[in-house]
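Hi,

Here is the structure I promised to pass on to you. Have a look at it first, and then read my notes underneath.

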Amino acid sequence: MQLIDKAEIMDNDGIRRVLVRIAHEIVEKNKGLDNVVLVGIRRRGVPLARRLADILRNSEKADVLVGELDITLYRDDLTLRFEQPHVGRTVLPFDIAKRKVVLVDDVLFTGRTIRAALDAIIDLGRPECIQLAVLVDRGHREVPIRADYVGKNVPTSRKEVINVRLSEYDGIDQVVISEEVEQ
Amino acid sequence: MSLRGNDLLSLREMSAEDMELVLSTARSLKEILSRPIKKVPTLRGKVVCTLFYEPSTRTKTSFELAARYMSADAVSFSSATSAVRKGESLADTARNLSMMGIDLAIMRHSVSGSCHFLSKVLDIPVVNAGDGMNEHPTQGLLDIFTMLDYKSKIRGLKVAIVGDILHSRVARSNIFGLTKMGAEVSIAGPLTLLPPDIERLGVKAFARPEEAMEGADVVYVLRLQLERQARSLFPSKREYRDFFGIDRHKLSYAKDDAIIMHPGPMNRGVEITTDVADSPRSVILDQVTSGVAVRMAILYLILGGRD
């Protein structure tokens, strides 16, 4: 099996515009940024959370705290997988009690990652509320979870894969749909 | 080779890549120890059993806490209060425990090689928590983890191990682990407590601790194992202290920023003076915290994922 890119959904400018819009929606929904913190889900949620914080710093002149959450230990498929996922670090340089936590991830798919993230967050304290921001919602939910902020809704088939490439890790900003093909 | 589903019996048999994986995983897991709720659900439903045929406070508690912090259940078995007293053999005891549905066995035993023996008897993974004078691999890993906390890299690090090398499984595991990761290890101890062929393990042996500690980044003081001295291998505790006990004067041979380590339990005033043990350069208590993180990583890497 091999993955080939089928179509580009967002380029560099597209990602930037979507993040600017989400940043404004966060301000609007929370009526400002008091007690709002951004928590990126490893790996690609982390640079997205940092970019949102940068946008908010420029537009709202506010320093929004950013944390990094690794959900590996909370996965529900650990005993089902053959390959063992690497455990990354969780770094939350603030107390999440009474904060408005905005979880940030690249793709919302089955919802199981977010389910794990909710458990991981609640083990660390009791936030005032938890919201979810994603760059792409591709559907196919397996648990009752929805996002508060969606960059782009992309209808997909289960065979397709959404690849989010970010300059921090991949050297390029791009979202593409790929598909597995028989070799 | 992956750690999953496998035994952890010695650092002699462990690859440098697997050691790095344990260390990096432990680095991530250490954060859990500073949380108000020290529990992650990762190993829910798994059961680990500690079999200790020798006394232990640190290692046994450390393994059991590591298991609980990862949501595994830990049951313990101690030889003093069990059917071992009625003459049951190690193999029979272990087979019986494994028939109760245990997923992993952690054993300490006074006989070298006993964990290797157990691993042949049992189908489940076995972790060595110290076998006689052979190895104590999780101690070696937690010591290397602690060194990395303070010295950032192991390659080229000068480590001096001082004391009763002959009886020390801690020394052997550290020597295997450290040399594999590129440290320069020198050792010193009374000639009666230095194995004759020890330099074949890739270390430099010295008769005087001052020579071994010259320019060292890490001074690792071993416990004088009075319970393993079948015959007199040194004249007296006082003489041992004078020649090999680490005090401020001997420490001056090491680098100014050298850290001091000890596997515990300490014989204060014998192999280490109290002012050295309690000095700001001593990381002896950090080793204990590292131990829990390293054992959490080992349990995760062995028990996580599908068999």
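Below is what I found, starting with the conventions and then going from the interface to the sheets and some backbone details.

This is a predicted model, so to speak of local features I kept to pLDDT of at least 70 and counted side-chain atom pairs only at pLDDT 80 or more, while totals for chains, interfaces and linings use all residues. Residues are numbered from 1 along each chain as its sequence is written, chains are lettered from A and ligands numbered from 1 in the order in which they are written, and side-chain values use heavy atoms, with hydrogens and water left out.

**The interface**

Chain A brings 18 residues to the contact and chain B brings 22 residues, where contact means heavy atoms within 4.5 Å. Between them, about 1800 Å² is buried, and carbon and sulfur atoms give 53% of that; buried area is the accessible area (1.4 Å probe) that two parts lose on being put together, summed over both. On the side of chain A that touches chain B, the residues divide into eight nonpolar, six polar and four charged. In that split, Ala, Val, Leu, Ile, Met, Phe, Trp, Tyr, Cys and Pro count as nonpolar, Asp, Glu, Lys and Arg as charged, and the others, Gly among them, as polar.

How many salt bridges cross between chain A and chain B? The rule finds zero across this interface, taking a salt bridge as a side-chain nitrogen of Lys or Arg within 4 Å of a carboxyl oxygen of Asp or Glu. Over all chains, the count comes to 33 salt bridges. One of them joins the side chains of A:E142 and A:R112, at 2.6 Å from N to O. A:E142 sits in the loop between β5 (129-137) and β6 (149-153) of chain A and A:R112 in helix α3 (residues 112-123) of chain A, so this pair ties together parts 30 residues apart in sequence.

**Two sheets in chain B**

Helices (H or I, at least four residues) and strands (E, at least two) are DSSP runs, numbered from the N terminus, and two strands pair if DSSP finds at least two bridges between them.

One open sheet of chain B has four strands in the order β2-β1-β3-β4, with parallel pairing. Its edges are β2 (73-78) and β4 (126-131) of chain B, each with a single partner strand, so one side of each has no neighbour in the sheet. From one strand to the next, the twist averages 15°. Axes are lines fitted to C-alpha atoms, for helices over the stretch in contact, and angles run from 0 to 180 degrees between N-to-C directions. Strand β1 (residues 47-52) of chain B runs parallel to β2(B) and is joined to it by six bridges, and B:F52 stands opposite B:S78 in β2(B). Helix α2 (residues 58-69) of chain B lies across β1, β2, β3 (104-109) and β4 of chain B, at about 175° to β1(B).

The other open sheet has five strands in the order β7-β6-β5-β8-β9 (chain B), again with parallel pairing. Here β7 (204-206) and β9 (259-261) of chain B are the edge strands, each pairing on one side only.

**Backbone details**

Most residues other than glycine have a negative phi, and most peptide bonds are trans. A:K31, in the loop between α1 (12-29) and β2 of chain A, has a positive phi of about 50° although it is not a glycine. A cis peptide bond joins A:R42 and A:R43, with omega about -5°. Another cis bond runs from B:G264 to B:P265, with omega near -10°.

Best wishes
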